[in-house]
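Me: Please take a close look at the sheet in this model. I would like its strands, their pairing and its setting in the chain described in one go.

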Amino acid sequence: MAAPNAGRMSALSLPVGQNAATQFRSFAARTPLLTVSAGGVLVTLTLPERLRAEDVEFARGLAEQAAAYAVEVERLFRSGRRLSGKRRAA
């Protein structure tokens with residue numbers, strides 16, 4: 001999903017394995033942090049000093065997409081199907 005008004009974009013693929021982790025931390029006097037650690041890479045999502053409606057929309061969209069990802073991972077796990085490392089066209 002590309003961001004509107006995005007020029008050049010970088011792509012990052014994180015291999016999820018047994019050492020992958022996510023962490024959410026909230027603080028009383030500063031913005032919350034969401035961290036994803038996988039494959040020797042640490043990605044932390046932070047917020048600007050002044051929040052806008054678009055920041056709330058991004059956070060909600062992130063939560064919805066993460067929930068959909070979790071449902072799909074669980075479906076694949078329950079099916080017992082082995083997955084290849086190759087990406088399929090959507």
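Reply: The sheet is described below, followed by the chain around it.

The model is a predicted one. The sheet is open and has three strands, in the order S1-S2-S3, with antiparallel pairing. Its edges are formed by strand S1, residues 21-25, and strand S3, residues 41-45, each of which pairs on one side only. On average, neighbouring strands in this sheet are turned by 15° against each other, direction ignored.

The pairing of S1 with S2 can be given in more detail. Strand S2 covers residues 33-38 and runs antiparallel to S1, and five bridges join the two. One bridge pair links Arg-25 to Leu-33, the latter being the partner in S2. Arg-25 stands at the end of the range 21-25 given for S1, and Leu-33 at the start of the range 33-38 given for S2.

As for the setting, the chain contains three strands and one helix. In sequence order the pattern is β-β-β-α, with the helix following the strands.

Some totals for the whole chain complete the picture. The chain has 90 residues, and 6% of them are buried, where buried means under 20% relative accessible area. Its accessible surface comes to about 8700 Å², and carbon and sulfur atoms contribute 55% of that area. Among contacts in the chain with a separation of 6 or more, 17% are between residues 24 or more positions apart.

Technical notes. Residues numbered from 1 in each chain as written. Predicted model: local features only at pLDDT ≥ 70, side-chain atom pairs only at ≥ 80, totals over all residues. Heavy atoms only, no water. Helix = DSSP H or I, 4+ residues; strand = E, 2+ residues; numbered from the N terminus. Buried < 20%, exposed > 50% of the residue type's maximum accessible area, 1.4 Å probe, protein only. Contact = heavy atoms within 4.5 Å. Areas by Shrake-Rupley, 256 points an atom, 1.4 Å probe, with all protein chains shown as cover. Pairing = 2+ DSSP bridges. Axes fitted to C-alpha atoms, helices over the stretch in contact; angles between N-to-C directions.
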